[in-house]
Amino acid sequence: MKKTKLMFFAAVLTIVTFLSACSDSDSTGKDNGSGEAEGEKITLRAATGLSPQHAWWADSMVPWMEKVEELTDGQVTFETFAGGELVAVPDEGDALKSGTVDVALVLPIYQPDQYPMAEISMLPLAHSDTIIGSNAWKALLESDEELADGKTYTEMQFADFKVFPVSTTQEYSISTTGKEFNSVNDVKGTGLRTPSRIHEKYSEKIGVNSVTMPAVEMYDALSRGSFDGSYYSVADWTGYGFQDLFKYTITGVNFGHFNAFIGMTQEKWDSLPRNVQDAMTQASEEIFIPGAEAWLTRAEESIKLNEENGGKFVEFSTLDQSVQDLINTGIEETWLDYADLLEEQGLPGKKLITLWRDIIIEQGGDVPEGLKNLE
C-alpha cells in the first residue's frame with residue numbers, strides 16, 4: 001500500500017513538473033497567434049529608393065525604426081538601404097511582395113496601374129496644409145467606411161500590406177527654373193513635370209505640357225533644360241537639391257499632397273510576435289505628427305536657401321487676374337474627371353472623392369465650393 005502511494009505521488013509530481021515546464025516555455029516561446037518566438041532576435045531589412053536625406057526617410061522611417069528598437073529593448077533591429085542601394089523608386093511595394101525587403105517606404109502614387117485610388121490626396125484643394133493633409137491621409141487609411149463590395153479604402157487598395165501611415169508632403173506648388181507666369185501666354189506651353197494623373201488632367205485644362213517621371217530623375221533633367229519646372233512641394237526640395245535649381249515659385253494655391261506609408265506584407269506582419277506588433281503600432285503613432293512637422297521646418301530652410309540663390313516666391317493673389325482665372329479653371333472639373341476615370345475602371349470614384357472631401361473638411365481643410373453639395 002505504501003509503495004502504491006509513493007508511486008502515485010511520484011506520478012503526480014512528474015505531471016506537475018511537466019506542466020510547469022510547458023508553462024515556462026510558453027511564456028518565453030511563441031506569442032499567441034505569432035509565427036516567431038517572442039524574445040527571439042529579429043533583423044528586418046528596410047529600404048527606400050529615396051535619398052537618405054529625404055524627409056520621409058530621415059524624419060519618419062528612421063525615427064520609427066529607432067522607436068521600435070527602443071520599445072522592444074533591442075529584440076528588433078533593422079538593416080537599412082536607402083538611395084536606391086537595394087530598391088529603386090517606385091519598386092518598394094514589389095520588393096516587399098518578392099521578399100527582397102521586409103519593410104519599406106511605399107509610394108503608391110507612382111504606380112496608378114496597381115493603386116489607382118492612391119492619387120486621391122493629389123486633388124487640388126481650396127485650403128490645406130501639411131498637418132491637415134497628413135491627418136486626412138491617416139484618417140482615410142484608417143476609415144471603416146465601405147466603398148465597394150463591403151471593403152474599405154485600405155482593403156481595396158493595400159490589402160496585401162500592413163500599412164503604417166506617414167505624413168503627406170507639404171501642399172504642392174508650381175516652381176520653374178526661371179520662367180515667370182506674368183500672362184496667360186506665359187503659362188500655356190510651359191513644360192511641367194506632373195507627379196500624378198490628376199496633375200496631367202489639370203495641366204491639359206490650363207494648356208501646360210506634362211512631363212512624367214519620378215522625382216529622383218528630375219534634377220538631371222531640369223539641369224539639362226528638358227522642361228521648365230514642376231508641381232512640387234517646397235518642403236521636399238532639399239531631399240533632391242531642387243533649392244539650387246528653382247528660381248520662380250507660385251505660393252498660395254494648393255495642388256494637393258503626395259502620400260506614402262511604411263509597409264510590410266500582411267504575411268510578414270502576421271509572423272511577428274505580438275509584442276513586436278504592438279511596438280510597431282505605438283511607434284507609428286508617436287512619429288506621425290513629428291514627421292509632419294518636419295516638413296514645415298524643411299520648407300523654411302528651403303525658402304531661405306532658395307532666396308539666397310536668387311529664387312523668387314510669388315503669392316498667387318498678386319498674379320495678373322487672367323492668370324489667376326486660368327489656374328483656377330477646371331479645379332472642380334479635375335475632381336470629377338478623376339472620379340470618372342476610376343468609375344471607368346470599375347472603381348467607386350464618386351464615393352471616394354466624396355469621402356475625401358468630407359475627411360478634408362473634418363480635418364480643417366476646404367474644397368472648391370462646387371464640390372460641397374456633391375452627393
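The second largest pocket of this predicted model holds about 170 Å³ of space. Its lining is made up of His-127, Ser-128, Gln-170, Glu-171, Ser-173, Val-234, Thr-251, Gly-252, Val-253, Asn-254, Ile-303 and Phe-313. By type, these lining residues divide into 7 polar, 4 nonpolar and 1 charged.

The largest pocket, for its part, has a volume of about 220 Å³. Around this space stand Leu-141, Glu-142, Thr-154, Phe-161, Lys-162, Val-163, Phe-164, Pro-165, Thr-281, Ser-284 and Glu-285. Three elements, α4 (130–142), β4 (161–165) and α10 (274–308), each give at least two residues to this lining, and the largest share, 5 residues, is that of β4. Here the division is into 5 nonpolar, 3 polar and 3 charged residues.

Turning to enclosed space, a search of the whole structure finds 1 cavity of 30 Å³ or more. The volume of the largest cavity is about 70 Å³. It is lined by 14 residues, of which Leu-107, Tyr-110, Tyr-232, Asp-236 and Tyr-240 are the closest to its centre. The cavity lining divides into 11 nonpolar, 2 polar and 1 charged residues.

It helps to set these spaces within the chain as a whole. The chain has 13 helices and 11 strands, and 52% of its 375 residues are buried. Its contacts also reach far along the sequence: among those between residues at least 6 apart, 75% join residues at least 24 apart.

In soluble globular proteins, nonpolar side chains tend to be buried together. In this model, the largest nonpolar core has 108 residues, and Trp-64, Tyr-153, Phe-158 and Met-280 are those with the most contacts inside it. Helix α2 provides the largest share of this core, 7 residues. Tyr-153 offers a good view of the surroundings of one such residue. Leaving out residues up to four places away in sequence, Tyr-153 touches Met-117, Ala-118, Ile-120, Trp-137, Leu-140, Leu-141, Glu-145, Leu-147, Phe-158 and Leu-352. Two names in that list appear elsewhere in this account: Phe-158 is also among the residues with the most contacts inside the core, and Leu-141 also lines the largest pocket.

Helix α2 (55–71) is also a useful landmark for Ser-51, which sits in the loop between β1 (42–47) and this helix. Ser-51 counts as buried because its relative accessibility is 16%, and the cut-off for buried is under 20%. When neighbours within four places in sequence are set aside, the contacts of Ser-51 are with Trp-57, Gly-83 and Gly-239.

A further example of burial is found in helix α11, which spans residues 321–328 and has Val-323, Gln-324, Leu-326 and Ile-327 as buried residues. These four lie on the same side of α11, because the arc they cover around the axis is only 165 degrees. What do the buried residues of α11 pack against? Their partners are three helices, α6 (184–187), α7 (197–206) and α12 (331–344), together with the strand β9 (248–251). Just after α11 comes Gly-330, whose phi is positive, at about 85 degrees.

Terms used: Residues are numbered from 1 along each chain as its sequence is written. This is a predicted model: local features need pLDDT of at least 70, side-chain atom pairs count only at pLDDT 80 or more; totals for chains, interfaces and linings use all residues. Side-chain values use heavy atoms; hydrogens and water are left out. Buried means under 20% relative accessible area, exposed over 50%, partly exposed in between (1.4 Å probe, protein chains only). The arc is that of the directions from the helix axis to the C-beta atoms. Contact means heavy atoms within 4.5 Å. A nonpolar core is a set of buried Ala, Val, Leu, Ile, Met, Phe, Trp, Tyr and Cys residues joined through side-chain atoms within 4.5 Å. On a 1 Å grid over the protein atoms alone, a cavity is a set of points where a 1.4 Å probe fits but cannot get out, and a pocket is an open set with protein on both sides within 12 Å along at least five of seven lines; lining residues have an atom within 4 Å of a point. Grid points are joined across faces, edges and corners, and a volume is the space filled by probe spheres set on the points. Ala, Val, Leu, Ile, Met, Phe, Trp, Tyr, Cys and Pro count as nonpolar, Asp, Glu, Lys and Arg as charged, and the others, Gly among them, as polar.
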